Amino acid sequence: MKALIASVLIAQASVAQAETPTLTVYTYDSFVADWGPGPAVKKAFEPICHCHLNFVATGDGAALLSRIKLEGARSKADVVLGLDTSLTADAAATGLFAPHGPLPALDLPGQWDDPTFVPFDWGYFAFVYDKTKVKTPPQSFPELAKSNLKVVIEDPRSSTPGLGLLYWVKDAYGDKAGEIWQSLAHNILTVTPSWDEAYGMFTKGEADMVLSYTTSPAYHLIEEHDDTKAAALFDEGNYMEVEVAAKLKSSVHQALADEFLNFMTTPAFQEIIPETNWMYPAIKLPGGLPKGFDEYRPKKSLLLSAEQAKALRAPALAEWQAALSR
Amino acid sequence: MLIAALTLGTLTAVALHARGSATLGAADLGALRFTLLQAGASALLSVALAIPVARALARRSFIGRRLLIALMGAPFILPVVVAILGLVAVFGRSGWINVALITFGLPRVSIYGFQGVLLGNVFFNLPLAARLILQGWQTIPAEHFRLAASLEFAPADTFRIIEWPMLRAIVPGALLAIFLICLTSFAIALTLGGGPAATTVELAIYQAFRFDFDLTRAALLAAIQFALCAAATLASLKLSLPIATSGGLDRPVERRDAGAIALRIQDATALTLGALFLFLPLASVGLSGIGALPGLPMAVWLAALRSLGVAVVATGLTGLIALALGLSRSRGGSRLIELAGMTPLAASPLVLGTGLFLIINPLADPAALALPLTALTNAAMAMPFALRALLPALDQIEATQGRLADSLGLPLWARLRLVVLPRLRRPLGFALGLSAALSMGDLGVIAIFAGPHSATLPLQIYRLMGAYRMEDASGAALLLLIISLALFWFFDRGVGGDAKA
Amino acid sequence: MLRLEALRISRPGFDLTADLSIPKGTRTAIIGPSGAGKSTLLAAISGFQPLAQGRITWDGQDLAQIPPGHRPLSILFQDNNLFPHLTAEENIGLALRPSLRLTTGERQKVRAALARVGLEGLEQRRPAQLSGGQQSRIALARALLRARPLLLLDEPFAALGPGLRLEMLDLVREITMETGATLLMVSHEPTDARRIADLTILVSEGTAEPPKSTLELFADPPPALRAYLGN
């Protein structure tokens, strides 16, 4: 009798499961961490959509795109969340992504007119330093080059900020980018494979500055009540990173995927972003930004178009390698 | 064969996915040259420095000797990023050593550059080399040292007549093992190498795969890396290889010639410098983590449990596969079995993970299998070390008791239980301990497959760092270090402890 | 004369005392049950075993401060008396010059020693190419060349067959007679003692008894020896 009841219950449970669709979202690893946005987003979205939200972590943004390319049209993903503007041209060229629906009013510096990718947060790359140690931070790349400050940067071949810096210099200096890199060579303490090592070395006091984001000091302010960290704003402007999501053409849950992308640009999702992903939200939040987020607003926002980024990637990398391999 | 299949199969899977052809550019050749140079120099330096340390360990008995030998396993299992931060805290620009130098008005030393790559690799591999070589010292009959004493050998005579022949047998194998380990180095070489000049083949694979999405080039580079390993291993099959067991490491070799003041100073110096070199970075990991340890988030403890489970499964697999491979090899199988067991050392972790993904994906959900796959690849990674430990002992058992067992017509299970296992406890304990510790510390394929609820402890450390939580990451790293050492200790002592043979 | 004065050797679970003298030029056997401390006694004399109490003197000189290599003795262990990678000639040559850079004269001496133990012409063989008896002869040749006044044998011939062992014992007797060396040999075979030893020391129950005439001892064995001999 007990066995019968148990099997009926199991059968019911599996029926209930079959009736609740599952939306599969591929994202980068830190998004799904317990202290990342993932758990809160899942909690907020599931009651609205009456679905299961299943995050699949794949390493970082570049790994995410590799994964989609490997899987092609057979991918189990409905939505891909976490590509950035340095990857979108490549991603669009795969033809695997479907256009998005109408967007609400976005709060990005500059116009957003990409038909496929929906931005969910953004930030500025910047050199972060300790105010108690660096009294007069450089205000441009040439000033940095003239100083004796030691910086840690990330490798553009394996890290998103590293690639961002490559585009930053290229966008600001064009054909002179190689010379800038040569003049910076003596400042570069070392190049790390990813942001983790670089930021870890900076917090250990190994380097004067580290390539990170203008929102990094806000983390220390809010979570550690430490106001000694600051971001240097450059006269050339600071390069932007816009993180985006898109729906896959192959998804069997097209409507649900649209619903998720739509939800992504509502306050319920966006309010989670600043203090879990430590980036700017993509829309104006009703409650405003947390403290520290308005501290560093660059004089100018730099961002190459997706096509420019794609075209400049190889030559910019070659310049970088040539200048720093000496 | 399973092991070779895992290594070669994943590489083939990636290659099959590739389209078009690839040629190697000047940058790739540069990477190849740098890889060989850093791996070769690191192997030479690790072994050269390990010899005096092993010699001092062999002929001195002092308080804490057992602890020192056990802790020497620690650098090998640390996640690379944690080890790098530990090294930087000691040797870096604002590390303890430079602070001391500046205090005394001396110029700073920089670790960034080729010297840094060597420093990092030596930090990881010197303890391994020292253990292998110490093992060699322990195989020298005590009578030889007594003979040396009664024949009034000078230290130079003892070295030439007793120690050198042993080193000549042990050192090539130790060199090979470390060369292979350094071959797939990536983060250490780049971070401590100071810039893109320190690009290894593994980084080039990474670039081809992730940055250019050029699977053909990635597969080609991985094949080159693999060929290098195979060539080095084949060349070394002719050399006698070291016996990596922990047996008898507790007992210092009796040395009457070692009483001279100069030798005492020499040994004390080697031990002190060796211990400081290895333990200062570990101490820095411990110091920065101890504060955060009690307040670690629940997710970290859960990840620790998950890692523990993976480590136990991986260890069981290692034991089973290594025994099966070892038995078939010692009972007349081909030496190719040994070669197959060595292949995982040369596998690019990225290619291994991606290939596994390509193979599994059409059949099952890789994310659901993330933990079993991690255990499987970890077992494969530990195989070279496990085989090194078990094979010589198995050969000896077969040579001394194989005929007896045959003549009694013992069935396989009885033979294992009565003849093989009792006499294999020490090397088996060491192999299992090393496997467990390696598995605890490996980031491995989990980084490619992990879902939100299958993060292992090393992955959780990376996630904490990725979310600015450097304090918690240090705490989690300390936790990892403690669990790994405890596991190693448990298997090494528990299984290999009171060996009857 | 070799004197062991109020000697005590202590290890966990093991205690051995001795107070005895061995006259110069004699051949003495040390017999007793296994584990009684026969080898330990030799190790103490040769300097490999620290003393808990007492002292050991040779011709009145305390050996305590003399390292093993400078003591007036040569010792042959049970195993591993030869280095497996060195030739017979090199293994013997170590007695003259551990650096093995031998002069022509020294080389002559090595050959003579090899001839004396009956292995003429085997200079270039390595231990693995020699029989067990031949290996023992080479170790003996080295001791011969060292020409120390005391020769200690820690059952180096135990692994040889009976015939071969007696042959070796005869060779040892001849050599000690020629050189006048004092012989001290551990054995668990009473026949060995009777064959070449004038004196016998019985080691049992934690004590090494003073040496007695071998003939007399075996003619009227004390209880401890009787128990060991098994009748």
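Guide: Buried area is the accessible area that two parts lose on being put together, summed over both, with a 1.4 Å probe. Keep in mind that this model is predicted.

Visitor: What is the area buried between domain 1 and domain 2 of chain B?

Guide: The domain assignment splits chain B into domain 1 (8-288) and domain 2 (297-501). Their contact takes 49 residues from domain 1 of chain B and 44 residues from domain 2 of chain B. Carbon and sulfur atoms give 76% of the buried area. The total is about 4,100 Å².

Visitor: How many salt bridges are there between these two domains of chain B?

Guide: A salt bridge needs a Lys or Arg side-chain nitrogen within 4 Å of an Asp or Glu carboxyl oxygen. Between domain 1 and domain 2 of chain B, the count is 0.

Visitor: Now chain A. How far apart do the C-alpha centres of its two domains lie?

Guide: Here the assignment is in pieces: domain 1 is 2-122 + 241-281, and domain 2 is 123-240 + 294-324. In the contact, 16 residues of domain 1 of chain A meet 25 residues of domain 2 of chain A. The C-alpha centres of the two lie apart by 29 Å.

Visitor: Which residues in domain 1 of chain A lose the most area to domain 2 of chain A?

Guide: The two domains of chain A bury about 1,800 Å², and carbon and sulfur atoms give 59% of that. On the domain 1 side, three residues together make up 39% of what is buried. They are E241(A), W278(A) and Y280(A).

Visitor: Which residue forms a salt bridge with D90(A)?

Guide: The count between domain 1 and domain 2 of chain A is 2 salt bridges. In the bridge of D90(A), the closest N and O atoms are 3.4 Å apart. The partner is K310(A).

Visitor: Which charged end sits over the ring of Y280(A)?

Guide: Y280(A) belongs to a cluster linked by ring pairs, along with W278(A), F293(A) and Y468(B), among others. The charged end over the Y280(A) ring is 4.4 Å from the ring centre. It belongs to R297(A).

Visitor: On to the chain interfaces. Which chains have the most contacts between them?

Guide: There are 2 pairs of chains that touch. Chain A and chain C have no contact; their closest C-alpha atoms lie 50 Å apart. The most contacts are between chains A and B.

Visitor: What area do chain A and chain B bury between them?

Guide: In this contact, 55 residues of chain A meet 55 residues of chain B. W35(A), L70(A) and R157(A) lose the most area on the chain A side, together 18% of what that side buries. Carbon and sulfur atoms carry 60% of the buried area. The total is about 4,800 Å².

Visitor: Which residue forms a salt bridge with R93(B)?

Guide: Across the interface of chain A and chain B there are 2 salt bridges. For R93(B), the closest N and O atoms are 3.2 Å apart. Its partner is D208(A).

Visitor: Which three residues of chain B supply 29% of the area that chain B buries against chain C?

Guide: The contact takes 17 residues from chain B and 24 residues from chain C. Chains B and C bury about 1,900 Å², with 64% from carbon and sulfur atoms. The three that supply more than any other three residues are L147(B), L151(B) and E152(B).

Visitor: Which residue meets E152(B) in a salt bridge?

Guide: The interface of chain B and chain C has 1 salt bridge. In the bridge of E152(B), the distance is 3.0 Å, N to O. The partner side chain is that of R148(C).

Visitor: Last topic, the aromatic pairs. Are the rings of F45(A) and F263(A) stacked, edge-to-face or tilted?

Guide: The whole structure holds 40 aromatic pairs. In this one, the ring centres are 5.0 Å apart and the planes are at 40°. Planes under 30 degrees apart would be stacked, and over 60 edge-to-face. The angle falls in between, so the pair is tilted.

Visitor: Which helix holds F263(A)?

Guide: The pair links distant parts of chain A, 218 residues apart. F45(A) is in helix α3 (residues 38-49). F263(A) is in helix α11 (residues 254-264).

Visitor: Is F263(A) buried or exposed?

Guide: The cut-off for buried is under 20% relative accessible area. Its partner F45(A) has 0%, so F45(A) is buried. F263(A) has 6%, so it too counts as buried.

How values were computed:
Residues are numbered from 1 along each chain as its sequence is written. Chains are lettered from A and ligands numbered from 1 in the order in which they are written. This is a predicted model: local features need pLDDT of at least 70, side-chain atom pairs count only at pLDDT 80 or more; totals for chains, interfaces and linings use all residues. Side-chain values use heavy atoms; hydrogens and water are left out. Rings of Phe, Tyr and Trp (its six-membered ring) pair if their centres lie within 6.5 Å; planes under 30 degrees apart count as stacked, over 60 as edge-to-face and the rest as tilted. Helices (H or I, at least four residues) and strands (E, at least two) are DSSP runs, numbered from the N terminus. Buried means under 20% relative accessible area, exposed over 50%, partly exposed in between (1.4 Å probe, protein chains only). A charge sits over a ring if NZ of Lys or CZ of Arg is within 6 Å of the ring centre and within 35 degrees of the ring normal. Domain bounds come from an automatic or database domain assignment. Contact means heavy atoms within 4.5 Å.
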